[in-house]
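I wanted a quick look at how some helices pack here and what sits in the core. My notes follow.

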Amino acid sequence: MPVRRLVPTQEAADLLDLTRQLARDELAPRAAVAEAAEEFPRDVFRTLGRAGLLGLPYAEELGGGGQPYEVYLQVLEEIAAAWASVGVGVSVHGLSCFGLATRGTPEQQQWLPEMLGGELLGAYCLSEPHAGSDPAAMRTRAVRDGDSYVLTGEKAWTTHGGHADFYKVMARTSDDGPRGISCFLVPADSDGLSADTAERKMGLTGSTTATMRFEGVRIDADRRLGEEGEGLSIALAGLDAGRLGIAAVATGLAQGALDDAVAYAQERETFGKPIIEHQGLGFLLADMAAAVETARATYLFAARLRDAGQPYGQQASIAKLVATDNAMKVTTDAVQVLGGYGYTRDFPVERYMREAKVMQIFEGTNQIQRLVISRALARGGTPTTTVVP
Amino acid sequence: MNIVVLVKQVPDSGSERKLDPSDNTVARATADNVINEMDEYAIEEALTVKEAQGGEVTVLTVGPDTATDAIRKALSMGADKAVHVSDPAIHGSCAVQTSAVIAAALSQLEYDLVLCGAESTDGQVSVMPALLSERLGIPQLSGARKLTIEGSMAKIERQTDGGYWEVEAPLPAIVSTWDTINEPRYPSFKGIMAAKKKPVETKTLADLGIDASTVGLATATSKVVDFAGRPPKGEGVKVADEGDGADKLVGYLAAQKIV
């Protein structure tokens with residue numbers, strides 16, 4: 001089913017055309033082979049960076065594209081529809097630049113153009129082996145020593161771990177609970193920084209995930225973003241935007257699975273007609289299409305709230321929850337549509353199903369999303385209506 | 001070095017393409033229209049020459065209002081400005097008539113080099129360089145797989161079935177390019193934003209001093225008189241391998257005069 005989109009400007013429409021061209025020519029032909037070989041496609045990020053796709057939501061004066069989230073997320077969705085690992089990577093890279101763009105000093109922000117241009121790849125270190133959903137339980141420490149900080153500890157589940165050029169790291173600068181955490185931008189070539197052997201994952205095998213080890217890593221004090229103690233708020237502010245990114249990626253993955261399932265159901269015949277004309281499978285495909293469009297509408301509403309300067313944390317959690325649960329359902333059903341063939345590695349749908357699973361887990365598990373949503377419900381509030389010019 | 005690139009918007013060769021049954025012309029209004037693929041190689045070559053030698057790249061297209069999409073694509077790749085000849089009277093023009101329109105538009109521009117794709121994927125007439133060469137009195141170097149500009153000379157390697165010819169001509173000249181000549185760049189988002197500010201001049205037949213009755217379907221030198229859909233795919237031939245499968249396959253291919 002061809003995707004229908006609404007965008008606010010002609011340049012956004014041209015940007016989506018460019019994205020589809022890159023997805024078709026540069027991503028789709030390589031995805032299956034790279035995923036099977038578990039190879040991280042570093043050069044793809046340079047290609048996307050040169051095309052200007054890595055800094056889209058950031059201000060033009062910072063080297064970004066000045067695009068609203070409504071547009072950026074649809075670009076991300078198109079990338080993920082061709083190759084989910086790359087979609088996740090673009091979202092994570094964008095997130096790794098978030099603190100610098102929002103809290104960096106003008107001097108620090110001079111690093112941004114190279115990051116947003118894709119010459120430098122970013123990673124994001126928040127979780128620890130024992131502290132995922134509860135980041136305030138982190139133990140990695142950053143100790144002030146003159147004009148430096150010395151970081152010691154380990155950070156789990158780091159996307160691009162070992163490949164990135166810089167790491168946005170949350171570390172404890174005091175024992176003051178959630179207020180004792182600070183944010184640092186650590187260059188990859190710092191002494192004492194190393195990546196463990198990459199995790200052996202169920203899916204997204206083209207995206208490297210590793211534990212990063214900080215063994216007395218000394219960095220200049222001017223690599224701290226914001227004030228001491230502001231780290232967790234920087235991290236959490238970025239998480240809402242990151243959840244929207246994952247919602248868009250999951251929607252793209254589901255769209256890709258739907259497209260493959262529909263194409264197969266139009267070709268494959270049983271009992272003398274294409275299987276899409278058998279109501280049992282036709283209705284399954286219809287439910288898949290409804291799930292994909294629901295996911296898209298949900299993340300776009302959250303994006304429009306964000307673009308309008310409105311609070312959107314609850315809607316970001318709803319979008320992440322709905323889009324990733326729907327992606328799990330749609331990719332599982334895509335395997336069903338392809339039957340036995342769908343269960344083989346000769347067709348991509350089993351890979352989509354493996355890729356969808358982690359999207360219910362990372363960027364805040366879907367249980368955490370429900371926690372965010374239910375707490376907002378408990379807080380209550382009054383209806384709001386915002387006029388968007 | 002002033003370079004003009006001829007660009008045509010065509011129905012996407014990867015999508016379903018149709019003729020309009022009312023006048024047997026290409027159904028452009030309902031098609032998924034894109035820039036002619038071969039023209040992207042001409043644009044890339046123009047940008048490469050410009051980057052090496054300086055100058056300006058102008059995109060010239062003849063087509064309906066929707067052709068602005070093709071112009072925007074060329075400008076976002078890096079061309080500097082565009083001329084769009086659009087006039088309802090041009091509808092249904094043959095290659096000879098179209099060449100008169102393009103020649104008139106070129107005559108209003110300064111150029112040292114005219115580049116175009118070796119063919120368009122809709123008409124595939126592939127005669128435009130020759131027609132323009134005749135009308136403008138400039139040499140044509142057609143079917144290039146390589147282009148070198150040395151001083152006031154243009155040299156190409158003309159791609160042939162058996163190899164290539166080295167052909168050269170003094171500038172100004174018209175060069176048509178195959179898809180072997182380069183790898184066209186992608187636009188960038190920066191290019192897309194910059195394209196918005198680049199000048200696009202729209203011209204009518206009157207602006208070019210062309211009598212509208214000399215172009216268009218009514219006076220075209222060639223037209224499509226009839227067409228039919230592709231015949232449905234046949235059942236095909238099944239070959240059962242009883243130890244002689246290869247012989248049967250070769251026999252079949254020989255009977256079809258394929259080998």
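Before the helix pair, a reminder to myself: axes are lines fitted to C-alpha atoms, for helices over the stretch in contact, and angles run from 0 to 180 degrees between N-to-C directions. Also, this is a predicted model.

**Helix pair.** I looked up H7 (residues 231–267) and H9 (residues 313–342), both of chain A, and found that their axes come within 8 Å and cross at roughly 20 degrees. Angles under 35 degrees count as roughly parallel, so H7(A) is roughly parallel to H9(A). I noted the handedness of the H7(A) and H9(A) crossing too: left-handed. Then I sorted the residues of the contact between H7(A) and H9(A), and got 20 nonpolar, five polar and four charged.

**Cores.** Next I went to the largest nonpolar core, which has 103 residues. Leu48(A), Leu53(A), Leu73(A), Val86(A) and Val337(A) have the most contacts inside it. H7(A) turns up again here, giving the most to this core with 19 residues. I checked Leu73(A) by itself: leaving out residues up to four places away in sequence, Leu73(A) touches Leu244(A), Gly245(A), Ala248(A), Tyr299(A) and Ala303(A). Apart from the largest core I found another, of 35 residues, including Val59(B), Met77(B), Ala154(B) and Val167(B).

**Gln314(A).** Back to H9 of chain A, where I picked out Gln314(A). Is Gln314(A) buried or exposed? Neither quite: buried needs under 20% and exposed over 50%, so at 25% relative accessibility Gln314(A) counts as partly exposed. Not counting neighbours within four places in sequence, I see Gln314(A) in contact with Ile373(A), Ala376(A) and Leu377(A). I also checked Leu371(A), which is 57 residues from Gln314(A) in sequence and 10 Å away in space, C-alpha to C-alpha.

How values were computed: Residues numbered from 1 in each chain as written. Chains lettered and ligands numbered in written order. Predicted model: local features only at pLDDT ≥ 70, side-chain atom pairs only at ≥ 80, totals over all residues. Heavy atoms only, no water. Helix = DSSP H or I, 4+ residues; strand = E, 2+ residues; numbered from the N terminus. Parallel < 35°, antiparallel > 145°, perpendicular 65-115°, else oblique. Left-handed = near helix turned anticlockwise from the far one by under 90°. Nonpolar A, V, L, I, M, F, W, Y, C, P; charged D, E, K, R; others polar. Core = buried A, V, L, I, M, F, W, Y, C linked by side-chain atoms within 4.5 Å. Buried < 20%, exposed > 50% of the residue type's maximum accessible area, 1.4 Å probe, protein only. Contact = heavy atoms within 4.5 Å.
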